[in-house]
Amino acid sequence: MPGEGTREALILKCRLLKEKEQLDQWFKRNSHTLEEGFEEGDVRLELERRGRVYGAQEEVLADVTAALERIDNGTFGLCLDCGKEIPSGRLMSFPTAKRGCDCQAVHDREKKRRALARQRR
């Protein structure tokens, strides 16, 4: 499914553009300041909670944007690690996939190993 010309890539591009629009709207709706009435400790907890939520949403937005860029530059559907085609079923269910299942498993294990190594320091 590499490239932007395939029917599946066009369908996924539409889905990704819609998701990007929804994320942009979410950020607009949730970029306001805290309303008055929070106690000091509650404000800190609410800011921490919002920071986690914002971080997660920013990560999703970055993945969506990167997938759209891959569609536009003709590399969508190719594994970033090995260059092989990512199965279309995986892309249809997970349009922001950057890797095939095998390479993703290796990537996840390495990411977990690095996280554990940082915790030990």
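This is a short walking tour of a predicted protein model, one selection at a time.

**The whole chain**

Start with everything shown as a cartoon. You should find four helices and zero strands, and from the N terminus on the order reads α-α-α-α. Now switch to a surface view. The protein exposes about 8500 Å², with carbon and sulfur atoms supplying 52% of that area. Of the 121 residues, 25% are buried. Contacts can also be sorted by how far apart the partners sit in sequence: among those with a separation of 6 or more, 57% are between residues 24 or more positions apart.

**Stop 1: from helix α1 to helix α2**

Select Lys13 and Asp72 and show their side chains. They meet in a salt bridge, with 2.8 Å from N to O. What does this pair tie together? Lys13 belongs to helix α1 (residues 7-29) and Asp72 to helix α2 (residues 40-73), so the bridge links parts that are 59 residues apart in sequence. Asp72 is partly exposed, at 46% relative accessibility.

**Stop 2: along helix α1**

Stay in helix α1 and select Arg15. Is Arg15 buried, exposed or partly exposed? With a relative accessibility of 38%, Arg15 counts as partly exposed. Leaving out residues up to four places away in sequence, Arg15 touches Met92 and Pro95. Zoom in on Met92, because there is a polar atom pair to see: its backbone oxygen lies 2.7 Å from a polar atom of the Arg15 side chain. For a distance across the fold, pick the C-alpha atoms of Arg15 and Val64; these two residues are 49 apart in sequence, and their C-alpha atoms are 9.8 Å apart in space.

Next, select Lys20 and Asp24. Here is another salt bridge, at 3.2 Å from N to O. This one stays inside helix α1, where the two residues are four apart, or about one helical turn. Lys20 is partly exposed, with a relative accessible area of 25%, and Asp24 is also partly exposed, at 29%.

**Stop 3: a bridge between two loops**

Move on to Arg99 and Asp81. Their side chains form a salt bridge of 2.9 Å, N to O. Arg99 lies in the loop between α3 and α4 (101-120), while Asp81 lies in the loop between α2 and α3, so the bridge ties together parts 18 residues apart in sequence. The two partners have unlike surroundings: Arg99 counts as buried at 11% relative accessibility, whereas Asp81 is partly exposed at 47%.

While you have salt bridges in mind, select Glu110, Arg113 and Arg114. Salt bridges that share partners join these three residues into one network. The structure holds six salt bridges.

**Stop 4: a buried arginine**

Select Arg90, in helix α3 (residues 88-93). Which side chain of opposite charge is nearest to Arg90? That is Asp108, 7.0 Å away; Arg90 is buried and has no salt bridge. Its side chain does have a polar atom 2.9 Å from the backbone oxygen of Arg99. Not counting residues up to four places away in sequence, Arg90 touches Ala97, Arg99, Gly100, Cys101 and Gln104.

From there, step to Gln104, in helix α4. Gln104 is buried, with a relative accessible area of 16%. Apart from neighbours within four places in sequence, Gln104 is in contact with Arg90 and Arg99, so your last selections come together here.

**Stop 5: the cysteines**

Finish by showing cysteine sulfur atoms. How many disulfides does a search of the whole structure find? It finds zero. Select Cys79, which is in no disulfide: the nearest cysteine sulfur, that of Cys103, is 3.6 Å away. Cys79 is buried, at 5% relative accessibility. Then select Cys101. Its closest cysteine sulfur is also the one in Cys103, at 9.8 Å, which is too far for a bond.

Technical notes. Residues numbered from 1 in each chain as written. Predicted model: local features only at pLDDT ≥ 70, side-chain atom pairs only at ≥ 80, totals over all residues. Heavy atoms only, no water. Buried < 20%, exposed > 50% of the residue type's maximum accessible area, 1.4 Å probe, protein only. Contact = heavy atoms within 4.5 Å. Areas by Shrake-Rupley, 256 points an atom, 1.4 Å probe, with all protein chains shown as cover. Lys, Arg positive; Asp, Glu negative; His and termini not counted. Salt bridge = Lys/Arg side-chain N within 4 Å of Asp/Glu carboxyl O. Polar contact = N/O pair within 3.5 Å; in protein donor to acceptor, adjacent residues only side chain to side chain. Disulfide = S-S within 2.5 Å.
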